[in-house]
Amino acid sequence: MLEVEVIASNYYTNKKGPRAWKTHIPNLPDNMLPAYLNALTPNDANVKIKTSDLHNPSYDPSIDLAVISFGTANAPIAYHVAEKYRNQGTKVIFGGVHINSINNIGLLSEAQQFADSVCITEADQVWSRILEDTVSGELKQIYHSSLADIKQTPILTPNDRSLLRKPSISSPFVSIRTSEGCPYKCNFCSIYKIFGANYRFRNIEDVIEEIKLIKPITSFYGTKRYVSFTDDNLLGKMTRGLTLLEEIASLGNVAWVGGISSDLINEKSVKTLAKSGAIAIFMGFDKFSGNDLAGKNRARFGEKIELLHKYNIGVEGAVIIGHDSDTPETLRNIEEFFIQNKIDVPSVNLLTAYPGTDLWDEITEQDRLKFPVKGEGEDWKFWARYTTEEVNIKEHPHFTDDELFESYIKLWKALVSGSSIRNRFKNRIIHPMILPNIMYNAFLHDGLPQTVIRAAIKSNSILPKLL
Ligand code: SF4
């Protein structure tokens with residue numbers, strides 16, 4: 001029997017960053033790779049798959065093949081783990097976002113020195129071959145396939161999902177994907193470069209079947225695990241998205257979170273979101289400097305957030321700071337925008353030029369990468385600094401590097417301060433999205449959870465009834 005260990009992680013461990021508390025809740029939501037590889041393994045193959053987290057691998061010497069999938073910031077950890085597996089005689093194959101990103105900039109050899117093989121693009125079409133070649137001792141250096149037709153994606157069974165973590169408080173999400181790809185082409189993003197600039201959709205019937213299978217491991221609002229849609233934009237194709245949501249609504253008692261582009265939020269879509277059990281939406285906001293979030297645009301975003309709140313759907317609002325057009329006033333505007341519009345959970349990121357993006361090309365051309373990686377010596381160690389929590393692009397026109405970083409931390413602290421949380425949740429039904437705020441607050445401020453709870457009680461929420 002071939003023993004395979006799938007080692008993956010969704011999160012980096014920047015223990016000093018604002019999101020460090022999340023390192024206590026690894027894989028939030030779960031990295032789905034082990035379940036997918038199990039589903040793609042032919043029934044007659046004599047293969048046993050187990051899984052572990054990149055930050056806690058088993059180093060079991062009986063493993064024949066270690067599959068390691070990782071993002072850019074985790075690359076140095078992944079290389080270290082790979083070396084240890086290879087030293088004990090285990091074959092190693094790499095895949096995931098970082099491998100595809102460095103392949104796009106001609107730096108694949110950086111990873112190849114630490115692995116026996118690499119898988120470019122998605123594993124769907126090559127997984128069986130990888131298993132066969134491992135058994136025959138003929139693992140190729142590179143497996144390359146075109147983007148998969150995800151209509152053929154197998155429905156994950158409870159057996160596949162048993163490779164993911166068991167239901168527990170530290171794992172509040174059950175992940176599921178309904179589509180891949182994104183046509184928006186943001187210059188800092190690698191998604192469309194790797195997974196395609198067009199949406200690829202699964203069959204709605206398959207998605208519904210899979211939700212039925214995971215329902216027993218979720219429960220409803222208040223006690224629960226949420227279904228977490230991993231799509232970049234759940235309503236990417238509006239008519240298809242609304243049909244999917246209607247089908248989910250007919251299942252009853254599903255509570256879910258997912259990402260939706262703000263331009264798709266309107267009275268009709270929000271009603272359907274609410275009916276289908278949407279608890280919170282992840283939404284990215286464009287630049288606050290320049291024209292993107294000025295004047296009418298800003299008011300338009302405010303109306304959309306108000307509409308979601310009317311149906312008690314929370315908003316995790318993501319914003320990127322560090323664009324060349326950003327000034328200190330931009331950061332003040334962001335703070336005001338988040339508080340004025342009662343955005344439930346803030347997510348502030350420093351602009352980072354990830355390999356393989358258009359931004360990488362632009363910043364490399366300008367020689368402004370703060371941690372340049374050119375494939376020389378051990379410069380791959382710099383990838384650990386590509387976290388969106390460190391200044392990654394130097395010579396900002398309006399800030400020194402230190403000023404930009406300090407402004408970033410100051411903004412985070414302001415957004416999760418006791419008074420910010422109080423103002424954002426005042427006079428609203430208490431929402432589960434208050435919990436991340438409490439975690440951020442506890443991490444970035446000293447001893448404030450009590451303040452927050454007191455504030456929530458004062459705010460006419462339902463919390464007093466629960467207490
Ligand atoms: S909308 Fe999101 S997923 Fe799509 S390209 Fe922009 S950042 Fe990437």
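What share of the 467 residues in the chain is buried? In this structure, which is a predicted model, buried residues make up 44% of the chain, and I would like to use that figure as the starting point for a walk through the fold.

A word on confidence before the details. The chain averages a pLDDT of 88, and 87% of the residues score at least 70. Over residues 456–467, however, the pLDDT is below 50, although this stretch still has 19 contacts in the model beyond its near neighbours in sequence. Where pLDDT is low, the predicted coordinates should not be read in detail, and I will leave that segment aside.

As to the overall make-up, the secondary structure comes to 18 helices and 14 strands. Among the contacts in the chain with a separation of 6 or more, 73% are accounted for by residues that lie 24 or more positions apart.

Let me begin at the N-terminal end, with strand β1, residues 2–8, which is mostly covered, 5 of its 7 residues being buried. β1 is joined by 7 bridges to strand β2, residues 47–53, and the two run parallel; within this pairing, isoleucine 7 stands opposite serine 52 in β2. β1 also pairs in the parallel sense with strand β3, residues 65–69, over 5 bridges, and here alanine 8 has serine 69 in β3 as its bridge partner.

From β3 the pairing continues to β4, again through 5 bridges and again with the strands running parallel. Serine 69, which we have just met as the partner of alanine 8, has glycine 95 as its bridge partner in β4. How many of the 5 residues of β4 are buried? The count is 5 of 5, and the burial involves both faces of the strand, with Lys91, Ile93 and Gly95 on one side and Val92 and Phe94 on the other. In a regular strand the side chains alternate between the two faces of the sheet, and the division of residues in β4 can be looked at with that in mind.

Next comes helix α3, residues 97–104, which is largely enclosed by the rest of the structure, because 6 of its 8 residues are buried. The buried residues are Val97, His98, Ile99, Asn100, Ser101 and Ile102. What do these buried residues of α3 pack against? Their partners are α2 (75–87), β4 (91–95), α4, β5 (117–120) and α7 (191–195). After α3 we find glycine 106, whose phi is positive, near 75 degrees.

That brings us to helix α4, residues 108–112, where leucine 108 lies. Leucine 108 has 19 other C-beta atoms within 10 Å, and since 20 or more would be needed to call a residue buried, leucine 108 is classed as partly exposed. Leaving out residues up to four places away in sequence, leucine 108 touches Ile102, Asn103 and Val118. The C-alpha atoms of leucine 108 and histidine 98 are 9.5 Å apart, for a sequence separation of 10 residues.

Now to the other sheet I want to show, an open one in which 6 parallel strands follow the order β7-β10-β11-β12-β13-β14. Its edge strands are β7 (173–176) and β14 (345–350), each of which pairs on one side only. On average, and with direction ignored, neighbouring strands of this sheet are turned by 20 degrees against each other. Strand β13, residues 314–321, pairs with β14 in the parallel sense over 6 bridges, and valine 319 stands opposite valine 348 in β14. Helix α14, residues 401–415, packs on the sheet and touches both β13 and β14, its direction making about 180 degrees with that of β14.

In the loop between α8 (204–214) and β10 (226–229) sits arginine 225. Is arginine 225 buried or partly exposed? Arginine 225 counts as partly exposed, because 18 C-beta neighbours lie inside 10 Å. Its C-alpha is 8.6 Å from that of tryptophan 256, with the two positions 31 residues apart in sequence numbering.

Finally, the ligand. Which residues surround the ligand? The shell consists of Cys182, Tyr184, Lys185, Cys186, Cys189, Ile191, Tyr192, Asp232 and Gly284, and by character these residues divide into 6 nonpolar, 1 polar and 2 charged.

Methods: Residues are numbered from 1 along each chain as its sequence is written. This is a predicted model: local features need pLDDT of at least 70, side-chain atom pairs count only at pLDDT 80 or more; totals for chains, interfaces and linings use all residues. pLDDT is the predictor's confidence in each residue, from 0 to 100. Two residues are in contact if their C-beta atoms, placed from the backbone, lie within 7 Å. A residue is near a molecule or strand if its C-beta atom, placed from the backbone, lies within 6 Å of it. Ala, Val, Leu, Ile, Met, Phe, Trp, Tyr, Cys and Pro count as nonpolar, Asp, Glu, Lys and Arg as charged, and the others, Gly among them, as polar. Helices (H or I, at least four residues) and strands (E, at least two) are DSSP runs, numbered from the N terminus. A residue is buried if 20 or more other C-beta atoms lie within 10 Å of its own, exposed if 12 or fewer, and partly exposed in between; C-beta atoms are placed from the backbone. Two strands pair if DSSP finds at least two bridges between them. Axes are lines fitted to C-alpha atoms, for helices over the stretch in contact, and angles run from 0 to 180 degrees between N-to-C directions.
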